[in-house]
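Here are some notes for a colleague who is coming to this structure for the first time. Please read them with the model open alongside.

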Amino acid sequence: MKVYINGLGSVSCQEGTRNFKSVDLTKVSQGLNQATQPSYKDLIPAGMLRRMAKGVKMGIYASHSALEEANITVPDAVITGTGLGCLIDSEKFLCAMLENNESYLTPTSFIQSTHNTVGGQIALQLQCMGYNFTYVHQNTSFESALLDALLQVQAGELDNALIGGVDEIGDMTMHFLQLAKKINTTDEVFSKGVNYGEGATFMVLENRLTAQSYAEVVDTDISNRIDSVPDYIKTFLARQSLTPNQIEVLVVGSNQTANDGTYYSEAQNICSNSVVETFKEFSGEYHTASAFGLLNACEMLKYQQLFSTGESKSIEYILIYNQFDGKDHSLTLLKKC
């Protein structure tokens, strides 16, 4: 059974939820880049909004945008991926433990710090009683959610699924990562440092083709470590009887730092006929940033336009390849509807 992406929504460092073109976007230029927060007051009551974690608010907004575009009120399933979960509340709870000598702790921050808080809150708001699962697999967290939904819709167990990736910036954790020279600071750019971001990107997978459909999800694959990029890509494409020469656009999660190693250049060499597109200069690096890259790939297929230049191009297949520091490799293949 074919699976289509019928709705998209995001909260990121950029304005808007979808329809991105690089010429209209602002590149991230500092070590820490906060997401541009939309107005939540029409979606979330003010009393709840004050107590709600940033990641939850971003997730609710992005999921609402995706469902609205797909014309679905309640999905059959909510499947999320996150690397660090509701990090701000986790830090609040740990700080309170230290400051109060592990006594007189309020449970609110602890309850809201769990990784599945976003998926749970989305389901509560939608009154979705179906399958609800959260994957915490570092840089393949979103792809794990995508794979789960893809398999279930292909098998006929679900008609549709709301999937997404969400991560937020926590000041204390980011400070430690800057001390470890993994995230750039305002004063220094480290050799393996990245510009960090945050955001939530959600999409609706469905077993029917509609006028709103962006792309067909053909296949996805994750691997913690690989021996050879060319072999990994060739083997993946061979499952669909394709060769690298048939990929019109290759989307890579490059940070243009030492973290990239030779992985992305090897991918570009094997897909030598492909136009190469990048996205992390607009989203920043975070565990589920690849969801933002998938969103851009969907829009390129639907509108038959390149993300980087806006020029028209006939595109049948797009391959998205992401990894970080030599680990957590993922491939996702999209096809024109």
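**Notes on pockets, cores and overall fold**

1. The second largest pocket is a convenient place to begin: 15 residues line it, and those lying nearest its centre are Asn195, Asn255, Gln256, Thr257 and Glu281. The space in this second largest pocket comes to about 200 Å³, and its lining is made up of nine polar, three nonpolar and three charged residues. Please keep in mind throughout that the model is predicted.

2. The largest pocket has a volume of about 440 Å³. It is lined by 19 residues, of which Asn139, Leu177, Lys182, His287 and Phe324 are the closest to its centre. The lining of the largest pocket divides into seven nonpolar, six polar and six charged residues, and at least two residues of that lining come from each of α7 (171-179) and β10 (327-335).

3. Turning to the interior, the largest nonpolar core contains 48 residues, and within it the residues with the most contacts are Ile5, Ile163, Ile318 and Leu334. Helix α11, which covers residues 290-303, gives the most to this core, contributing eight residues. Apart from this core lies another one, of 26 residues, which includes Ile60, Ala62, Leu162 and Val166.

4. Ile163 deserves a separate look, as it is one of the residues with the most contacts inside the largest nonpolar core. Which residues does Ile163 contact, leaving aside its neighbours within four places in sequence? With those neighbours set aside, Ile163 is in contact with Ile79, Phe142, Ala145, Leu146 and Ala149, and also with Thr201, Phe202, Met203 and Leu205.

5. As for the overall fold, the protein has 11 helices and 10 strands. Its radius of gyration is 19 Å, close to the 20 Å that the globule rule gives for 337 residues, and the protein is therefore as compact as a globular protein of that length. The C-alpha trace spans about 60 × 45 × 35 Å along the principal axes of the protein.

6. Two further values describe how the chain is packed. Of the 337 residues of the protein, 55% count as buried. Among the contacts between residues at least 6 apart in sequence, 76% join residues that are at least 24 apart.

Notes
Residues are numbered from 1 along each chain as its sequence is written. This is a predicted model: local features need pLDDT of at least 70, side-chain atom pairs count only at pLDDT 80 or more; totals for chains, interfaces and linings use all residues. Side-chain values use heavy atoms; hydrogens and water are left out. A nonpolar core is a set of buried Ala, Val, Leu, Ile, Met, Phe, Trp, Tyr and Cys residues joined through side-chain atoms within 4.5 Å. Buried means under 20% relative accessible area, exposed over 50%, partly exposed in between (1.4 Å probe, protein chains only). Helices (H or I, at least four residues) and strands (E, at least two) are DSSP runs, numbered from the N terminus. Contact means heavy atoms within 4.5 Å. On a 1 Å grid over the protein atoms alone, a cavity is a set of points where a 1.4 Å probe fits but cannot get out, and a pocket is an open set with protein on both sides within 12 Å along at least five of seven lines; lining residues have an atom within 4 Å of a point. Grid points are joined across faces, edges and corners, and a volume is the space filled by probe spheres set on the points. Ala, Val, Leu, Ile, Met, Phe, Trp, Tyr, Cys and Pro count as nonpolar, Asp, Glu, Lys and Arg as charged, and the others, Gly among them, as polar. The radius of gyration is taken over C-alpha atoms; the globule rule is 2.2 Å times the number of residues to the power 0.38.
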